[in-house]
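Hello,

Here is the structure I promised to pass on. Have a look at it first, and then read my notes below.

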Amino acid sequence: MESRPAFPPGLLDTLATARHIAVLTGAGISAESGIPTFRDAQTGLWAQYDPQELATPWALRQNPGLVWSWYEWRRSLVRKAKPNPGHRALVELEDLVPHFTLITQNVDGLHQAAGSRHVIELHGNIMRTRCADCGRQVKTWEPPPKGQVPACPHCHGVLRPDVVFFGEPLPSEALEKALEAAIHCDVMLVVGTSAVVEPAASLPRYALQAGASVVEVNPQETPLSPLVHYRLAQPAGHVLPALVQTLKERLARLQGGR
Ligand code: OAD
């Protein structure tokens with residue numbers, strides 16, 4: 001059997017006594033499901049594509065066909081992807097604490113596919129489509145002529161993925177719930193995010209200010225790393241299942257009075 005990683009002193013006690021654990025995830029948790037991250041050197045999407053040309057309201061106005069086809073390509077990756085042990089460990093963690101909040105910057109829906117019940121999606125969901133003009137969510141549309149964008153069946157406006165582009169506000173209800181969790185949690189796990197995109201990047205900082213313990217799970221250092229209480233510098237798909245299993249054993253011992 002693969003050996004379990006050694007965890008920093010105090011981490012297991014901190015998790016075992018927490019009443020409310022919040023988790024913030026980013027693209028890194030889905031990397032082991034085959035979905036490229038954004039900022040990893042070489043393999044990250046933004047190392048190969050210009051976000052200004054593909055993920056802004058300006059790009060959608062200037063070149064809707066290009067934007068639509070790029071997101072169609074990303075949708076094809078998401079359709080093929082399956083949740084990995086990191087996603088599944090967070091499903092188990094949800095059952096171990098009285099209050100659990102899962103906040104994600106990911107648009108791939110893999111937390112829900114793994115079985116997480118209450119996922120706060122800060123940046124939308126790539127598999128949903130809405131009209132850029134009338135705002136309605138749309139499930140079916142007429143296939144467009146090659147290279148063109150399908151039209152909204154209600155108003156003939158331009159259809160777009162229901163994700164947040166750079167320069168757009170986040171869905172307000174999701175952001176409010178995320179802020180609420182950041183301020184009230186005892187522990188925040190920050191998994192697989194470069195922690196540079198606002199406002200998500202500020203959530204762990206609010207948690208720290210409010211007195212929570214913050215745990216970062218990321219093989220690479222980030223601007224958040226010097227501030228956190230615990231760092232697990234390993235891939236999420238390896239370290240999260242081991243962490244949750246060890247926590248389960250710790251809780252079972254505590255309940256057994258040993
Ligand atoms: P990034 O690509 O910026 O960061 C991914 C992080 O995951 C990096 O810090 C990696 O070191 C780490 N990582 C890679 N593999 C990992 C693994 N197996 N386990 C754990 N960590 C791993 O992605 P995000 O921080 O999610 O926004 O990016 C934030 C936002 O920027 C995205 O939601 C997206 C993007 O532009 C929108 O599309 C609105």
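**The ligand and its surroundings**

In this predicted model, an oxygen atom of the ligand lies 2.8 Å from a polar backbone atom of Ala-27. Side chains take part in polar contacts as well: an N or O atom in the side chain of Thr-193 is 2.6 Å from an oxygen atom of the ligand, and for an N or O atom in the side chain of Asn-218 the distance to a ligand oxygen is 2.8 Å. On its own the ligand has 800 Å² of accessible area, and the protein covers 92% of that.

Where does the ligand sit? Its place is in the largest pocket. The shell around the ligand is made up of 24 residues, with Glu-32, Phe-38, Arg-39, Thr-193 and Ser-194 as the closest. By type, the shell has 11 nonpolar residues, 10 polar ones and three charged ones.

**The two domains**

The domain assignment splits the chain into domain 1 (1–34 + 83–123 + 171–258) and domain 2 (36–80 + 126–163). Why can we say that the ligand lies between them? Because domain 1 and domain 2 both give residues to the shell around the ligand.

The domains also touch each other directly: 11 residues of domain 1 are in contact with 10 residues of domain 2. The C-alpha centres of domain 1 and domain 2 are 29 Å apart.

If you set up anything on the ligand site, I would be glad to hear how you get on.

Best wishes

Notes:
Residues numbered from 1 in each chain as written. Predicted model: local features only at pLDDT ≥ 70, side-chain atom pairs only at ≥ 80, totals over all residues. Heavy atoms only, no water. Near = heavy atom within 4 Å. Polar contact = N/O pair within 3.5 Å; in protein donor to acceptor, adjacent residues only side chain to side chain. Areas by Shrake-Rupley, 256 points an atom, 1.4 Å probe, with all protein chains shown as cover. 1 Å grid on protein atoms, 1.4 Å probe; cavity = no way out; pocket = protein on both sides within 12 Å on 5 of 7 lines; lining within 4 Å. Sits in = over half its atoms within 2 Å of the grid points. Nonpolar A, V, L, I, M, F, W, Y, C, P; charged D, E, K, R; others polar. Domains from an automatic or database assignment. Contact = heavy atoms within 4.5 Å.
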